[in-house]
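Me: Got a minute to go through this structure with me? I'd like to talk about contacts and strands.
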Amino acid sequence: PSPTTIAPVEECDTMANDGDPDNDGDAIFDLTGQVTTDIINGEAFVGLSFHETIAAAELGTPAIANPAAYQTVSRTIYVRATDTDPATSTECYRIVELELIVQPAPVLPTTIPDLTECDDDGDGQALFDLTQNDAVIYGTQTPAAITLTYHETLASAEAMVGSAADMPIADPVNYLASA
């Protein structure tokens, strides 16, 4: 087989919402799906297994038990691509390295002060500057290292931006909110 060496795979540190109580440098990687597709690169009759050491990859065992949910720190793993063509049955293989990178998650405050504005004209709406608490949110972190966005729903904030419903608020300095 001719496996493709792909760019490093990056994931955010698993935080409390993922069952990990701290920003300790580990993440859960899905090595199936797109990662597998990219490594195989359209070649037929190729089976992949993922290994923590080069020696394990050369032997073909032990493989990472759950490549769909592999929890680890940043590291290099080894992908064994094996010829599975029933016509040749060679079981020939090649090994490529795959770098896994855990990006630290930003540390957020447990509470953020509420924003309050007056409805001067009684229409049930007020203009808010959502960025007033940016300093509280950043804390001691470097603002340039973090992308801060504002969303109308929790689902939008947690989603990967892919549709108009998942887009951040376009103008957080002049956000018109209804009561």
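Reply: Sure. One definition up front: buried means under 20% relative accessible area, exposed over 50%, and partly exposed is in between. Also, keep in mind that this is a predicted model.

Me: Okay, so where does arginine 75 fall, and at what relative accessibility?
Reply: Arginine 75 comes out at 28% relative accessibility, so it counts as partly exposed.

Me: How many salt bridges does the structure hold?
Reply: Just one salt bridge. Glutamate 52 forms it with arginine 75, and their closest N and O atoms are 3.7 Å apart.

Me: Which parts does that pair tie together?
Reply: Glutamate 52 is in the loop between β3 (46-51) and α2 (54-59), while arginine 75 is in strand β5 (residues 75-83), so the pair links parts that are 23 residues apart in sequence.

Me: And what does glutamate 52 count as?
Reply: Partly exposed, because its relative accessibility is 37%.

Me: Switching to the sheet: what's the strand order?
Reply: The order is β1-β6-β5-β3, in an open sheet of four strands with mixed pairing.

Me: Which strands stand at the edges?
Reply: β1 (9-12) and β3 do, each with a single partner strand, so one side of each has no neighbour in the sheet. From one strand to the next, the twist averages 30°.

Me: Do β1 and β6 run parallel or antiparallel, and how many bridges join them?
Reply: β1 and strand β6 (residues 93-103) run parallel, joined by four bridges.

Me: What stands opposite glutamate 10 there?
Reply: Isoleucine 101 in β6.

Conventions
Residues are numbered from 1 along each chain as its sequence is written. This is a predicted model: local features need pLDDT of at least 70, side-chain atom pairs count only at pLDDT 80 or more; totals for chains, interfaces and linings use all residues. Side-chain values use heavy atoms; hydrogens and water are left out. A salt bridge is a side-chain nitrogen of Lys or Arg within 4 Å of a carboxyl oxygen of Asp or Glu. Helices (H or I, at least four residues) and strands (E, at least two) are DSSP runs, numbered from the N terminus. Buried means under 20% relative accessible area, exposed over 50%, partly exposed in between (1.4 Å probe, protein chains only). Two strands pair if DSSP finds at least two bridges between them. Axes are lines fitted to C-alpha atoms, for helices over the stretch in contact, and angles run from 0 to 180 degrees between N-to-C directions.
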